[in-house]
Amino acid sequence: MNIVCIGSGYVGSVTGAAFATLGHRTVVLDIDATKVALINSGKSPIYEPGLDELISAYIGNTLFATTNYDAVREADVVFIGVGTPSKPDGTADLKYIKFAAQDIGKHMNPDKFTVIVNKSTVPVGTADLVASIIEESSNLRCNTHFAVVSNPEFLREGFALEDVFFPDRIVIGADNERAKSVMSQLYQGIVNAHNYEEKSADFYFEYKLGTKKPQYFETDIKSAEMIKYASNAFLAVKISYINEMARLSEVLGANIMDVATGMGLDSRIGNKFLQVSSGWSGSCFPKDTAELLATSRKYSCELSVIEASVTSNQRMHSFVVDKIKRKLQSLNGKTIGIFGLTFKPNTDDARNTQASFIIRELIEVGARVKVHDPQGMDMFKRLNPELDIDYCDNAGEAARQVDALLLLTHWDEYQELNWQQLLLSVRKPYILDTRNFLDHEHLRAIGFDCEGLGIGPHRSTERSGGIVAV
Ligand code: UGA
């Protein structure tokens, strides 16, 4: 098929590269000429493991990038993958969606049936909005000349390729039979090639052989739009919940690592998204919970569970700061070294991260802050220009002469640091590991005063419990 993906952010560039890999002629369209030039030179416009390799393998063959909306004329399917940032009241700002719809309408081919797909996270009802804008700008009729479909994206940053090629489910919201048939044909490549046996030699498929077949779920448009928000909010609630259990476990002397494992053995609960942290953050959960809450208020339909999970999440950020305050007693004149500025590892995305909140609080009470992140420092600096902090090129520098080390993001490289050497450069050997990720027993053995979250000051991150053969 001929595919156009509008937007070259996380959704558009990954979707574009994936369909090009599956043999479709795919054009990534962005108004930003710099990003387009980058893709055309075989490079990814975002940091995402494996994406550079994929783009450089397919660019000029089945993958193309352009700033020109003329590409829409040839398209069978046009994906809209532009940003939907939060407005100050929490609702999603749909201006980029509207611009894209207008431009699609102006360039649509009247002699061809085009399927327009909302892949960005958009509020319920946006498909109707897109259809009406296209009708106005094209003078064509929805469901005669074109149809609008909702196909929310569920990829996680840092695992985007894995999630796109091996999703748990593909959700299609469509009311038009012709559009449904186009979408099911398009997704054949992913649904029925889940083992990618023929391509097993390719670097990006190797590690996932044997994965189970994705579920292909068809529903009406509004339900599909709602599934995306309901899923993200549910995951946010799940993390807030385990973080609350961590706070209580710490007081009562239980070990949250074992609590989470024991809970996860119940298949109704599942073992995923029970990992303790200083709170969820990033570009999706804060934005999507805010949009749901703002919409629910407009329609007088209170979402108290989600509201509580947002408040609880902010408390989790503060809980971490309080722990350091208690440990160091006064932060005036103290220096804190921060490991990790991104909202999770394997991404350079530093939008809305827990680090920005926690660092602000630390500075407020008088601390000096030194930071390191393997990929996120540039974006963090750009987004937080007013923060007076020292950006360090390596973790060792961020640990020099500090009174406390605070690990916020569990990048693998922090596990592999020479901690023995770091011990010699810190002023005080205290480390707070908010992901319970480091080897606490080893760190204590070499002389660090090491704490995690929800495990008490002397317990290990190694689970003490385990499944026993009886
Ligand atoms: C999330 C969803 O997981 C994706 O399915 C969705 O497509 C995406 O939002 C989106 O809407 O675009 P993402 O924001 O990339 O993906 O990151 P997650 O892996 O979900 O992590 C979100 C936050 O929760 C991070 O700060 C992470 O560190 C934290 N987290 C995650 C925990 O604290 N504990 C966990 O057990 C899991």
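Here is a short tour of the ligand site and a few salt bridges, stop by stop.

Before you start clicking, note that this is a predicted model, in which local features need pLDDT of at least 70, side-chain atom pairs count only at pLDDT 80 or more, and totals for chains, interfaces and linings use all residues. Residues are numbered from 1 along each chain as its sequence is written, and side-chain values use heavy atoms, with hydrogens and water left out.

**Stop 1: the ligand**

Select the ligand and the residues with a heavy atom within 4 Å of it. You should have 22 residues, with Leu-155, Lys-228, Asn-232, Ser-277 and Arg-435 the closest. Colour the shell by type: 10 are nonpolar, five polar and seven charged (Ala, Val, Leu, Ile, Met, Phe, Trp, Tyr, Cys and Pro count as nonpolar, Asp, Glu, Lys and Arg as charged, the others, Gly among them, as polar).

Now show polar contacts (pairs of N or O atoms within 3.5 Å). A polar backbone atom of Glu-157 sits 2.8 Å from a ligand oxygen. At a nitrogen atom of the ligand, look for a backbone N or O atom of Gln-275, also at 2.8 Å. The side chain of Lys-344 places a polar atom 3.0 Å from a ligand oxygen. On its own the ligand has 710 Å² of accessible area, and the protein covers 91% of that (Shrake-Rupley method, 1.4 Å probe).

**Stop 2: what builds the shell**

Which helix gives the most to the shell around the ligand? Select H8, which contributes four residues. Helix H8 spans 221-252, and helix H10 (285-298) also supplies at least two shell residues (helices are DSSP runs of H or I, at least four residues; strands are E, at least two). Domain 1 (2-219) and domain 2 (253-451) each provide at least three, with bounds from an automatic or database domain assignment.

**Stop 3: salt bridges**

The structure holds 20 salt bridges (a side-chain nitrogen of Lys or Arg within 4 Å of a carboxyl oxygen of Asp or Glu).

Start in helix H4 (residues 95-107), where Lys-106 and Asp-103 lie three residues apart, about one turn of the helix. Their closest N and O atoms are 3.8 Å apart. Lys-106 is exposed at 54% relative accessibility, while Asp-103 is partly exposed at 22% (buried means under 20%, exposed over 50%, partly exposed in between).

Next, select Lys-119 and Glu-153, whose side chains meet at 3.1 Å, N to O. This pair links distant parts of the chain, 34 residues apart. Lys-119 is buried at 4%, and Glu-153 is buried at 11%.

Finish with Glu-157, Asp-349 and Arg-351, joined into one network by salt bridges that share partners.

Notes:
A polar contact is a pair of N or O atoms within 3.5 Å; within protein, one must be able to donate a hydrogen and the other to accept it, and residues adjacent in sequence count only if both atoms are side-chain atoms. Buried means under 20% relative accessible area, exposed over 50%, partly exposed in between (1.4 Å probe, protein chains only).
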